[in-house]
Amino acid sequence: MTDVSAQSSEANRRLDAIDRKILMVLQEDASLSVAEIGDRVGLSSTPCWKRIQRLEADGVILRRVALVDQNKIGLGISVFVSVESADHSEAWLRKFAEAVSSMPEVMEFYRMAGDVDYMLRVVVADMQSYDVFYKKLISAVPLKNVTSRFAMEKIKSVTALPVPPV
């Protein structure tokens, strides 16, 4: 078993039904007070707070953030960018990952299996902004192919993971 799968399996075993309820409540509304979270999961404030602290210390809860409507701040275009590379060396990947990770327009960045090497989810204000991003992307490192797919409508978008039962 790999280190990552061992850690995931170990963390999964330590999460009981109440921990899972806490995770579901926090994913829905992280601004709730500890007392409100405790009420929803059947705990008083102190044990609820200790569980939340443990979930954070164990890295199960990565951080608590505010979700912002991209359209209301002028970022109305979502683009899914597929990237193919002719170079699969570690040095190339390191340089590419550093360059892409530093681009604020990139919301998600994945190394893929299949016919595409990398997939990016990019948000920009308009086509001119995307063109500026695209030129920055293709100048970062040599690329074999870049394909851009523009989202016309967001049909579903969630941030809450489906927490599996015990």
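A search of the whole structure, a predicted model, finds 10 salt bridges. Several of these pairs are described here, together with the surroundings of selected residues.

Arg64 forms a salt bridge with Glu56. The closest N and O atoms of this pair are 2.5 Å apart. Arg64 has a relative accessible area of 37%, so Arg64 is partly exposed. Glu56 is also partly exposed, because its relative accessibility is 30%. Both values fall between the 20% limit for buried residues and the 50% limit for exposed ones.

A further salt bridge links Glu90 with Arg94. Here the closest N and O atoms lie 3.5 Å apart. Both residues belong to helix H5, which covers residues 90-101. Glu90 and Arg94 are 4 residues apart, about one turn of the helix. Their accessibility falls into two classes. Glu90 is exposed, because its relative accessible area of 62% is over 50%. Arg94 reaches 45% and therefore counts as partly exposed.

Helix H6 holds another pair. Lys135 forms a salt bridge with Asp131. The closest N and O atoms of Lys135 and Asp131 are 3.1 Å apart. These two residues are 4 residues apart in helix H6 (residues 127-140), so about one helical turn separates them. Asp131 has a relative accessibility of 35% and therefore counts as partly exposed.

Salt bridges can also share partners. One network built in this way joins Arg14, Asp16, Asp19, Arg51, Arg54 and Asp58. Where does Asp19, one member of this network, lie? Asp19 is part of helix H2, which spans residues 17-28. Is Asp19 buried or exposed? Its relative accessibility is 0%, under the 20% limit, so Asp19 counts as buried. Residues up to four places away in sequence are set aside for its contacts. On that basis, Asp19 touches Arg14, Arg51, Arg54 and Leu55. Among these, Arg14, Arg51 and Arg54 also belong to the network.

An annotated span comes next. For "domain: HTH asnC-type", an unreviewed UniProt entry lists residues 15-76. In the model, this span is 53% helix and 0% strand. The C-alpha atoms at the two ends of residues 15-76 lie 38 Å apart.

Gly74 is found in the loop between helix H4 (45-57) and strand E1 (77-84). Its relative accessibility is 38%, so Gly74 counts as partly exposed. Which separation in sequence and in space is found between Gly74 and Asp126? In sequence, the two residues are 52 residues apart. In space, their C-alpha atoms are 8.7 Å apart.

Strand E1 contains Val79. Is Val79 buried or exposed? Val79 is buried, because its relative accessible area of 0% is under 20%. Val79 and Arg149 are 70 residues apart in sequence. Their C-alpha atoms, however, are 5.5 Å apart in space. Arg149 also appears in the list of contacts of Val79, which leaves aside neighbours within four places in sequence. In that list, Val79 is in contact with Leu120, Arg121 and Val122. Tyr130 is a further contact of Val79. Ser148 and Phe150 are listed along with Arg149.

How values were computed. Residues numbered from 1 in each chain as written. Predicted model: local features only at pLDDT ≥ 70, side-chain atom pairs only at ≥ 80, totals over all residues. Heavy atoms only, no water. Buried < 20%, exposed > 50% of the residue type's maximum accessible area, 1.4 Å probe, protein only. Contact = heavy atoms within 4.5 Å. UniProt positions renumbered as here; feature names shortened; annotations may be inferred. Salt bridge = Lys/Arg side-chain N within 4 Å of Asp/Glu carboxyl O.
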